[in-house]
Amino acid sequence: MRYLVIGSCLLSLAGSIWGGMFIAVRLAIFVIPPVPLVWMRYGTALLALTILMVITHSSWHIDKKDCKLLLLSALSGQVLSIVTQETGTMMTSAQTGSVITAATPAFMVVFGYVLLHEKLTAGRIISVVLATIGVLFIVLDPDNFEINPLGGLSLFVAAVTWAFMSVLLKFLSEYPVITVTFYSVLIAFLTLTPYGLYWLLTSADYAAMSAPSVWGSVLYLGFISTTAGFCLWNKGLLYMDASLGGLFMFFQPTVGTFLGWLLLAEPVTLYFWIGFTLIAVGVVLALRGGNTTAAEKLARCHQDSGKASHPGGA
C-alpha cells in the first residue's frame, strides 16, 4: 500500500502540473506554432535534465537491446503525442485541450491488458468509466466548451499515443527515471530540430516572442511541464499498473479548469463540481480495488538491485 500512496502522489502532482500546461500553450501558440513550440520546450528541458543527470550522478547507460524500445516510446509520446496535443489545443481552446485525458486512461487499460497482461477487473473498468464521465462533465460544459473537428482528431491521436508511450515505459523500469526521460526528450528534440531551426531562421517573430507571457510560457513548458512533469509521471508509473496509473491524468483537466478560473476569469460551474466528484470517486475506487502487481514487482526490484528507485528519478 505504501508504494501505491507514493505513486499516487507523484502521478497526481504530474497531472496537476500538466493542468497548467494548456494555459501556457494558449499564451504562446499563436506566436510560436506547435512544432517549434515543442522543439523550444524540449531544448529548454534538456538543459535542466542534463544538470540533474550530473548532480544526481545518474547512469547514462542504456542497453543496446532497449534502444529500439526507447526510440519507439519517444517518437510516440514525446514527439507525436505532444505535437498533436498542442496542435489540437491551438485549434480549440485550453479547456478543450484537456479532453485528451478523457481517452488516455481508457487506452492505457487496453494497452496494459494487451502488452503487459494486466488484469482487466470490473472495479478498474468502473473506475475508468466514472472518471471519464467526470472529465466529460468538465470539458463539455456548454458555457465553456469549444470544438473543431480537426482539433478534436489531433487530441484523439494525442490520447492514444500518450497511452501507448506510458505502457511502453513499463518495459524500461530497470533504468533510472531521469535517464529514460533525458534520452526520450533528446530524441524528440533532435527529431524536431530541422523544422525548428528552419522556422526560427525564416518565420519567427522575435518582437512577439519577447513578450513575458510568451517566453514565460516556454520556460514553464520546458522546466516544469516537461522536466518535472515527465520525471514525476515516469517515476509514478513504476509504483502501479499502467491501467491504474492512467487514472491520474484526470487531475489535468480539473487543475486546468481551476487555473482557467483563477488566471483567465473563466467561470467554474456546477458541471465542474459534479465532474470533480466523479473523478475523485473513480480514483479512490481504483486505489481500493486495483491490484498491486506493479508495486510488488517494484518492491522486489528494490530488494534485488535498487535500480528502479534511483535518487535521480524525480
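Start by selecting Lys65 and Glu174 in this predicted model: the two form a salt bridge, with their closest N and O atoms 4.0 Å apart. The pair ties together distant parts of the chain, since Lys65 belongs to helix H3 while Glu174 lies in the loop between helix H7 (149-168) and helix H8 (177-202), 109 residues apart. Colour the two by accessibility if you like. Lys65 is exposed, because its relative accessibility of 60% is over the 50% cut-off. Glu174, at 28% relative accessibility, counts as partly exposed.

Keep Lys65 on screen and add Asp66. What joins the side chains of Asp66 and Lys65? A salt bridge does, at 3.2 Å from N to O. Asp66 has a relative accessible area of 7%, so this residue is buried. With these residues selected together, you are looking at a network of salt bridges that links Lys65, Asp66 and Glu174. As a general reminder, side chains of opposite charge can pair when their charged atoms come close.

Next, move to Arg41 and Glu86. Here is another salt bridge, and the closest N and O atoms are 2.9 Å apart. Again the pair links distant parts of the chain: Arg41 sits in helix H2 (residues 34-55) and Glu86 in helix H3 (residues 64-91), 45 residues apart. Are these partners buried or exposed? Both Arg41 and Glu86 are buried. That completes the salt bridges on this tour, and the count comes to three.

Stay with Arg41 and bring Thr226 into view. The side chains of Thr226 and Arg41 are joined by a polar contact of 2.5 Å. Arg41 therefore appears twice on the tour, in a salt bridge with Glu86 and in a polar contact with Thr226. To find Thr226 along the chain, follow helix H10, which spans residues 212-236. Thr226 has 0% relative accessibility, which means that this residue counts as buried.

For the last stop, show what surrounds Thr226. Which residues are in contact with Thr226, leaving aside its neighbours within four places in sequence? Select Arg41, Tyr42, Ala45, Val185, Leu221 and Cys231. Among them, Arg41 is the one you have already met as the salt-bridge partner of Glu86.

Key: Residues numbered from 1 in each chain as written. Predicted model: local features only at pLDDT ≥ 70, side-chain atom pairs only at ≥ 80, totals over all residues. Heavy atoms only, no water. Helix = DSSP H or I, 4+ residues; strand = E, 2+ residues; numbered from the N terminus. Buried < 20%, exposed > 50% of the residue type's maximum accessible area, 1.4 Å probe, protein only. Polar contact = N/O pair within 3.5 Å; in protein donor to acceptor, adjacent residues only side chain to side chain. Contact = heavy atoms within 4.5 Å.
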